[in-house]
Amino acid sequence: MRRRLARELALQSLYQMAMNEVTTTDAVDHVVEEARGEDEAQLTRAKDQISELDVKELVEGTLRYKSQIDHLLVDYLKGWQMDRLSKVDREILRLATYEMIYSDDVPPKVVVNEAIEMSKNFGTEESGKFVNGVLGKMIRDLETLRGQAPRE
């Protein structure tokens with residue numbers, strides 16, 4: 001539950017940063033505070049399970065490797081260009097790619113399933129299928145991708 005909440009709030013933070021010129025800290029603080037105020041996903045009961053640090057870690061990691069992630073995603077977006085994707089789908093793919101390649105604490109299949117669920121909740125009617133297709137192709141090459149991924 002903790003990681004799922006952090007992932008959803010990280011997505012909302014990344015989206016906010018894509019839409020507005022705000023810092024990571026401002027975006028994360030705003031999204032977490034708003035979620036607590038509206039008691040989204042019962043955050044007030046789960047406040048011991050999630051912190052701004054969990055969300056910030058996901059956001060900062062995704063941003064740290066953004067150019068490498070985007071370069072990698074281009075190879076898996078057959079017939080699509082990054083700038084033609086919806087902002088939500090693009091941020092979901094970036095976040096999921098970061099977790100699969102640069103973070104070792106969540107099994108890749110869990111990351112893919114969570115990304116599909118987020119795309120269904122936050123994206124368009126077709127987002128789930130699209131995200132599944134892209135990440136499904138990527139997961140088959142995951143060991144090679146992890147080995148080739150430049151680290152900062």
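**Note on an all-helix predicted model**

1. **Start with helix H5.** The buried residues of H5 pack against four partners: helix H4 (52-64), helix H6 (87-102), H8 and helix H9 (142-148). H5 itself covers residues 66-76. Its buried residues are Gln-68, Ile-69, Asp-70, Leu-72, Leu-73 and Tyr-76. Keep in mind throughout that this is a predicted model.

2. **The fold in outline.** How many helices and strands does the protein chain have? There are 9 helices and 0 strands. Read from the N terminus, the order of elements is α-α-α-α-α-α-α-α-α. The chain has 152 residues, and 47% of them are buried. About 8300 Å² of the protein chain is exposed, with carbon and sulfur atoms supplying 46% of that area.

3. **Contacts along the chain.** Take the contacts between residues at least 6 apart in sequence. Of these, 72% join residues at least 24 apart. Three C-alpha pairs in later points, from Met-138 to Asp-75, from Asp-54 to Leu-5 and from Ala-35 to Leu-9, give concrete cases of residues apart in sequence and their separation in space.

4. **H5 on H6.** The axes of H5 and H6 are 10 Å apart, and the packing angle is about 100°. The two helices are therefore roughly perpendicular. On the H5 side, the contact uses Lys-66, Gln-68, Ile-69, Asp-70, Leu-72 and Leu-73. On the H6 side, the residues are Leu-93, Arg-94, Thr-97, Tyr-98, Ile-101 and Tyr-102. By class, this contact holds 7 nonpolar, 2 polar and 3 charged residues. Several names recur from point 1: Gln-68, Ile-69, Asp-70, Leu-72 and Leu-73 are among the buried residues of H5.

5. **H4 on H6.** What is the crossing angle of H4 and H6? It is roughly 95°, and the axes come within 9 Å. H4 and H6 are therefore also roughly perpendicular to each other. Glu-57, Leu-58, Gly-61 and Thr-62 of H4 meet Arg-94, Leu-95, Tyr-98 and Glu-99 of H6. These residues divide into 3 nonpolar, 2 polar and 3 charged. Note Arg-94 and Tyr-98 of H6: they take part here and in the contact with H5.

6. **H7 on H8.** Helix H7 (residues 108-122) packs on H8 at an angle of about 160°, with the axes 8 Å apart. Why is H7 called roughly antiparallel to H8? Because angles over 145 degrees count as roughly antiparallel, and the angle here is about 160°. The crossing is right-handed. H7 contributes Pro-108, Lys-109, Val-112, Ala-115, Ile-116, Ser-119 and Lys-120. H8 contributes Ser-127, Gly-128, Val-131, Asn-132, Leu-135 and Ile-139. The contact divides into 7 nonpolar, 4 polar and 2 charged residues.

7. **Ser-127, in H8.** Ser-127 lies in helix H8, which spans residues 127-140. Is Ser-127 buried or exposed? It counts as buried, because its relative accessibility is 0%. Setting aside neighbours within four places in sequence, Ser-127 is in contact with Asp-89 and Ser-119. Ser-119 belongs to the H7 side of the contact described in point 6.

8. **Met-138, also in H8.** Met-138 sits in helix H8. It is buried, at a relative accessible area of 0%. Which residues does Met-138 touch, not counting those up to four places away in sequence? They are Leu-72, Leu-73, Tyr-76, Thr-97, Met-100, Ile-101 and Leu-145. Of these, Leu-72, Leu-73 and Tyr-76 are buried residues of H5. Thr-97 and Ile-101 are on the H6 side of the contact with H5. Met-138 and Asp-75 are 63 residues apart in sequence, yet 9.3 Å apart in space, C-alpha to C-alpha.

9. **Two residues in the earlier helices.** Asp-54 is in helix H4. At 13% relative accessibility, Asp-54 counts as buried, because the cut-off is under 20%. Asp-54 and Leu-5 are 49 residues apart along the chain, and 9.3 Å separates their C-alpha atoms. Ala-35 is in helix H2, residues 24-38. Ala-35 also counts as buried, at 1% relative accessibility. Its C-alpha lies 8.3 Å from that of Leu-9, which is 26 residues away in sequence.

How values were computed
Residues numbered from 1 in each chain as written. Predicted model: local features only at pLDDT ≥ 70, side-chain atom pairs only at ≥ 80, totals over all residues. Heavy atoms only, no water. Buried < 20%, exposed > 50% of the residue type's maximum accessible area, 1.4 Å probe, protein only. Contact = heavy atoms within 4.5 Å. Areas by Shrake-Rupley, 256 points an atom, 1.4 Å probe, with all protein chains shown as cover. Axes fitted to C-alpha atoms, helices over the stretch in contact; angles between N-to-C directions. Left-handed = near helix turned anticlockwise from the far one by under 90°. Nonpolar A, V, L, I, M, F, W, Y, C, P; charged D, E, K, R; others polar. Parallel < 35°, antiparallel > 145°, perpendicular 65-115°, else oblique.
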